[in-house]
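Good morning, and thank you for the opportunity to speak. I would ask you to look at the sequence and the model as they appear, and then to follow me through a few of their features.

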Amino acid sequence: AIAFSVVSCNDSNEDSYTAITETYPAVQAEFGSSVDLNNLANYANQTVPAYITKDNSLLNPITDKGATLGRVLFYDKKMSSNNTVSCSSCHKQEFAFSDTALVSNGVLEGLTTRHTMRLVNARFSNELKFFWDERAETLEHQVLMPIQDSLEMGMTLTALEDKLQGVSYYPQLFEGAFGTTAITSDRISKALAQ
């Protein structure tokens, strides 16, 4: 399970936020021993090579706080109905955010029906739609579908919103990313897409 410890930090230009210590190995490898919401990885100003012709983030501009929230959500098993599966359970960072198995294990050890698609550079993907069968119009639409799939993560969006509202660190992360503590499926999808 993902465990966080919470300590205070201050910034003279912003409200007080929380530094979050992430003990999940893949996140800790990127952020080190703590995530300071006022000193984050530079997601918003990444260099985009000249050969890139499409940017799927134009309607959902990437911010450092939004992408950090998305990263925490991506690795958190609380996103599933029984706290056993996260997005990263199938989209494994070491395999280009895909899986080496033909199909992946979902909630209750059920098997998914298709091979996990890679997520590397989804921001710059030239596909017009997402998923093998192109059922998602946007990346923001796509990220919510596995959460709601009974074999993959087994949640309803309403249940997920309620569940995350009860987790001590999420209201503050959502406030950092979106300006208020409200946790909505729209905000979850935007953060995950970032």
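Let me begin with a question: leaving aside its neighbours within four places in sequence, which residues is I188 in contact with? Please bear in mind that we are looking at a predicted model. The residues that I188 touches, beyond those sequence neighbours, are L73, M79, L144, L160, L164, F174 and I183. I188 itself is found in helix α7. Its relative accessible area is 0%, which lies under the 20% cut-off, and therefore I188 counts as buried. One of its partners, L164, is 24 residues away from I188 in sequence, and their C-alpha atoms are 9.9 Å apart in space.

Let us step back to the whole chain. The chain has 7 helices and 3 strands, and their order along the sequence is β-β-α-β-α-α-α-α-α-α. Of the 194 residues in the chain, 42% are buried. If we take the contacts with a separation of 6 or more, 49% of them join residues 24 or more positions apart.

Next, the core. The largest nonpolar core holds 33 residues, and those with the most contacts inside it are L73, M79, Y170, I188 and L192. Two or more residues of this core come from each of α2 (64-75), α4 (139-148), α5 (157-165), α6 (170-178) and α7 (185-193). Helix α2 supplies the largest share of the core, namely 5 residues.

How many of the residues of α7 are buried? The number is 7 of 9, and the helix is thus described as mostly covered. The buried residues of α7 are S185, R187, I188, S189, A191, L192 and A193. Among the elements that cover them are α2, α3 (87-90), α4, α5 and α6.

I now turn to a pair of helices. In general, two packed helices are described by the angle between their axes and the distance between the axes. For α2 and α6, the axes come within 7 Å and cross at roughly 150°. This crossing of α2 and α6 is left-handed. On the α2 side, the contact is made by K65, G66, L69, V72 and L73, while α6 contributes Y170, L173, F174, G176, A177 and F178. By character, the residues of this contact between α2 and α6 divide into 8 nonpolar, 2 polar and 1 charged.

Some of these names return when we consider aromatic rings. The structure holds 5 aromatic pairs. Ring pairs link Y169, Y170, F174 and F178 into a cluster. Of these, F174 is also in contact with I188, the residue with which we began.

Finally, I would draw your attention to the backbone in one loop. Where is A96 found? A96 is in the loop between α3 and α4, and F97 has its place in the loop between α3 and α4 as well. Neither residue is a glycine, yet A96 has a positive phi of about 60° and F97 has a positive phi of about 55°. With a relative accessible area of 34%, A96 falls between the 20% and 50% cut-offs, and so A96 is partly exposed.

To close, let us return to I188: this residue of α7 is buried, and it is listed among those with the most contacts inside the largest nonpolar core. Thank you for your attention.

Methods. Residues numbered from 1 in each chain as written. Predicted model: local features only at pLDDT ≥ 70, side-chain atom pairs only at ≥ 80, totals over all residues. Heavy atoms only, no water. Core = buried A, V, L, I, M, F, W, Y, C linked by side-chain atoms within 4.5 Å. Buried < 20%, exposed > 50% of the residue type's maximum accessible area, 1.4 Å probe, protein only. Helix = DSSP H or I, 4+ residues; strand = E, 2+ residues; numbered from the N terminus. Contact = heavy atoms within 4.5 Å. Phe/Tyr/Trp six-rings, centres within 6.5 Å; stacked < 30°, edge-to-face > 60°. Axes fitted to C-alpha atoms, helices over the stretch in contact; angles between N-to-C directions. Left-handed = near helix turned anticlockwise from the far one by under 90°. Nonpolar A, V, L, I, M, F, W, Y, C, P; charged D, E, K, R; others polar.
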